[in-house]
Amino acid sequence: MSSVDTPAGAEPDSGAVLLRLHEAARVHGSGTAVPVHALNGVSLEVRVGELVAVMGPSGSGKSTLLHLAGGLDTPTSGDVVVDGVSIAGLSVKARAALRRRSVGYVFQDLNLVPALTAVENVMLPRELDGVSTRVARQEARAALTEVGVEELADRFPEEMSGGQQQRVAIARALVGPRRLVLADEPTGALDSLTGEAIMRVLRARVDAGAAGLLVTHDSQHAAWADRVVLLRDGKMAEEAPFTAGFPR
Ligand SMILES: Nc1ncnc2c1ncn2[C@@H]1O[C@H](COP(=O)(O)OP(=O)(O)O)[C@@H](O)[C@H]1O
Ligand SMILES: [Mg+2]
């Protein structure tokens, strides 16, 4: 285990590696005639205080990279270490626990539970983690405030705009002490103002002691990142500090 168990609110151990991929590969259907090499030996480190943008054409392995980083999937070879814990050796149950403890994930298709209000959606991961309802509600309200939609706490997803739902999904990813924030095109369907507001929230959370990996097609959003990783055919084509002229 690393020393990154710092409770929320404590001095963030800036610079600690929160996510490490070493030659991580994911092959689909290796028993079949045409295996798909979704990710092909990617090595990457993301430290506390760093926001890294992942760019690349459709099918280049961006979502696969995030799935591995978040412990939603395991590498077929290589290693993925989250918060000092190697994903590959964990049981499904232990991976789920690591995800709940350490990883906030914003899915491309949001995945809000329609039968739950905004605050209940945000409380859910904390309650699953054994936090009392009272504390979970407090934390959820704080997370909704962080993304600027505290007044929507008691609304159901269908009573919110797409941008508002997006913010609630981000609050759910940020709630509690989780410090690896993974976002798969979180600004995809949003107007530019909401997109920028969301980038501001991600940046602030990372600066406050988290690490972030963000898939985006938008170079203006990538400009909020410290670095850009470019994927092509499951391989890292380039890694560079963000510059406006970075190839897309
Ligand atoms: N479950 C799967 N089974 C087979 N192939 C898959 C699966 N998931 C992803 N792939 C393939 O892996 C490659 C990378 O996919 P993905 O990571 O979703 O790319 P991106 O997010 O960059 O669009 C694509 O060729 C895709 O078709
Ligand atoms: Mg994708």
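The legends below describe close-up views of a predicted model of one protein.

**Figure 1. Overview of the predicted protein and its confidence**. The protein contains 7 helices and 10 strands. Of its 248 residues, 43% are buried. Among contacts between residues at least 6 apart in sequence, 68% join residues at least 24 apart. The mean pLDDT is 87, and 88% of the residues reach 70 or more. Residues 1–11 have a pLDDT below 50, and this stretch makes 16 contacts in the model beyond near neighbours in sequence. Where pLDDT is low, predicted coordinates should not be read in detail.

**Figure 2. The largest nonpolar core, viewed around Val-54**. This core holds 64 residues, and Val-54 and Val-122 touch the most other members. The element that gives the most to the core is helix 5 (residues 162–174), with 6 residues. Apart from neighbours within four places in sequence, Val-54 contacts Lys-62, Leu-65, Leu-213, Leu-214, Val-215, Val-229 and Leu-231. One of these partners, Lys-62, is also among the residues around ligand 1.

**Figure 3. The shell around ligand 1**. The residues around the ligand are His-28, Gly-29, Val-36, Ala-38, Gly-56, Ser-58, Gly-59, Ser-60, Gly-61, Lys-62, Ser-63 and Thr-64. Two elements, strand 2 (36–47) and helix 1 (62–69), give two or more residues to this shell. Helix 1 gives the most, with 3 residues. By class, the shell has 9 polar, 2 nonpolar and 1 charged residues.

**Figure 4. Gly-70 in the loop after helix 1**. The loop that holds Gly-70 runs between helix 1 and strand 4 (77–82). Gly-70 counts as buried because 25 C-beta neighbours lie inside 10 Å, where the cut-off is 20 or more. Leaving aside neighbours within four places in sequence, the contacts of Gly-70 are Arg-99, Val-103, Tyr-105 and Leu-182. Val-80 is 10 residues from Gly-70 along the chain, and the two C-alpha atoms are separated by 9.2 Å.

**Figure 5. The buried face of helix 2**. Helix 2 spans residues 92–102, and its residues Arg-95, Arg-99 and Ser-102 are buried. Seen down the helix axis, the buried residues fall within an arc of 95°, so they line one face of helix 2. An α-helix has 3.6 residues a turn, so residues three or four places apart point the same way. The cover over the buried residues of helix 2 includes strand 4, strand 6 (103–106) and strand 7 (180–184). Arg-99, one of the buried residues of helix 2, is also a contact of Gly-70.

**Figure 6. Two aspartates with positive phi, Asp-83 and Asp-233**. Most residues other than glycine have a negative phi. Asp-83 is not a glycine, yet its phi is positive, at about 55°. Asp-83 sits in the loop between strand 4 and strand 5 (85–86). With 22 other C-beta atoms within 10 Å, Asp-83 is buried. Asp-233 also has a positive phi, of about 50°, although it is not a glycine. The loop that holds Asp-233 joins strand 9 (227–232) and strand 10 (235–241). Asp-233 is partly exposed, because 14 other C-beta atoms lie within 10 Å.

Terms used:
Residues numbered from 1 in each chain as written. Chains lettered and ligands numbered in written order. Predicted model: local features only at pLDDT ≥ 70, side-chain atom pairs only at ≥ 80, totals over all residues. Core = buried A, V, L, I, M, F, W, Y, C linked by C-beta atoms within 7 Å. Buried ≥ 20, exposed ≤ 12 C-beta atoms within 10 Å, placed from the backbone. Helix = DSSP H or I, 4+ residues; strand = E, 2+ residues; numbered from the N terminus. Contact = placed C-beta atoms within 7 Å. Near = placed C-beta within 6 Å. Nonpolar A, V, L, I, M, F, W, Y, C, P; charged D, E, K, R; others polar. pLDDT = per-residue confidence, 0-100. Arc of directions from axis to C-beta.
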